[in-house]
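User: Please show me the model first. Then I would like to ask how its features earn their labels.

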Amino acid sequence: MTTPVCTTASNAAAPRTQTPTYPSFASYVRARQPVLLRTARSLTANPCDAEDLLQTALTKTYVAWERIEDHRALDGYVRRALLNTRTSQWRKRRVDEFACDELPEPEPLTGGDDPAEQQALRDAMWRAIMRLPARQRAMVVLRYYEDLSEAQTAEVLDVSVGTVKSAVSRALGKLREDAELGLVR
């Protein structure tokens, strides 16, 4: 084993592995984000969740930036924040499934819930609406299919609110008396 004669010469020959200090939080994030994102991805299965996790950990680091004295330990601080945040998320996750003795069964369909009957009623309703006068048809469609208020319907059609009320009332009366709708009900 040889002993170096000149310590400054041996120190100059060996590369220094000094961790850089970062003048600002932004410079730290720019320099270390790819490495920290890989760490976050190792903690989560989803890349989008990893980005969210890293953002949360960096937010915590930013809040504590002034208190961190040794900037050589920043990576460790952020990694610990990543791990703690992920652990907190895991603990807070909501479990919607619970074990029970009996399996819940869906309610049986009643006679009125038959999709074919519902489609027949919709078709009959549209045929009845098409038989209304154009102005009444427009008001019924705006009020009940577009879900506009009476005032909005009046504004769209450039009529008064009272006109909308009376025309819709007459149209609904005609629809109640429609023979085809009576057969489907």
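**Exposed, buried or in between**

User: Why is Gly-162 called partly exposed?

Analyst: The relative accessible area of Gly-162 is 43%. Buried means under 20%, exposed means over 50%, and partly exposed is what lies in between (1.4 Å probe, with protein chains only as cover). The value for Gly-162 falls in that middle range, so "partly exposed" is the right label. Before we go on, please note that this is a predicted model: local features need pLDDT of at least 70, side-chain atom pairs count only at pLDDT 80 or more, and totals for chains, interfaces and linings use all residues. Residues are numbered from 1 along each chain as its sequence is written, and side-chain values use heavy atoms, with hydrogens and water left out.

User: Where does Gly-162 sit, and what makes that part a helix?

Analyst: Gly-162 belongs to helix H8. A helix here is a DSSP run of H or I with at least four residues, while a strand is an E run of at least two; both are numbered from the N terminus. H8 covers residues 161-177. By that rule the chain has nine helices and zero strands.

User: What is unusual about Asp-147 and Asp-158?

Analyst: Asp-147 has a positive phi of about 60 degrees without being a glycine. Asp-158 also has a positive phi of about 60 degrees, and Asp-158 is not a glycine either. Asp-147 is in the loop between H6 and H7, and Asp-158 is in the loop between H7 and H8.

User: Are these two buried or exposed, and how do you know?

Analyst: Compare each value with the upper cut-off. Asp-147 has a relative accessible area of 65%, so Asp-147 is exposed. Asp-158 comes to 71%, so Asp-158 counts as exposed too.

**Salt bridges**

User: What makes Arg-32 and Asp-75 a salt bridge?

Analyst: The label needs a side-chain nitrogen of Lys or Arg within 4 Å of a carboxyl oxygen of Asp or Glu. For Arg-32 and Asp-75 the closest N and O atoms are 2.5 Å apart, so the pair qualifies. The two residues link distant parts of the chain, with Arg-32 in helix H2, Asp-75 in helix H4, and their positions 43 residues apart. Asp-75 is buried, at 16% relative accessibility. As background, side chains of opposite charge can pair when their charged atoms come close.

User: How do you know that Arg-127 has a salt bridge partner?

Analyst: The closest N and O atoms of Arg-127 and Glu-180 are 2.4 Å apart, so this pair meets the rule as well. Arg-127 is in H5 and Glu-180 in helix H9, 53 residues apart. Arg-127 is partly exposed at 41%, and Glu-180 is partly exposed at 22%. Both belong to a salt bridge network that also includes Arg-131 and Asp-178. In total, the structure holds six salt bridges.

**Two helices and a patch**

User: How do you know that H6 has the expected span?

Analyst: The expected span is 1.5 Å times one less than the number of residues. For the twelve residues of H6 that gives 16 Å, and the end C-alpha atoms are 15 Å apart, so the two agree. The buried residues of H6 are Gln-136, Met-139, Val-140, Leu-142 and Arg-143. Their cover includes H5, H7 and H8, judged by contacts (heavy atoms within 4.5 Å).

User: Why are the buried residues of H5 said to share a side?

Analyst: Those residues are Ala-124, Ala-128 and Ile-129. They cover an arc of only 135 degrees around the axis, which puts them on the same side of H5. The arc is taken from the directions from the helix axis to the C-beta atoms. Pro-115 and Ala-116 are exposed on the other side of H5.

User: What makes Trp-126, Met-130, Tyr-144 and Tyr-145 a nonpolar patch?

Analyst: Patch residues have over 30% relative accessible area and no salt bridge; nonpolar side chains (Val, Leu, Ile, Met, Phe, Trp, Tyr) are joined within 5 Å, and like charges within 9 Å. These four residues make a patch of about 440 Å², an area from the Shrake-Rupley method with a 1.4 Å probe. H5 and H6 each supply at least two of the patch residues.
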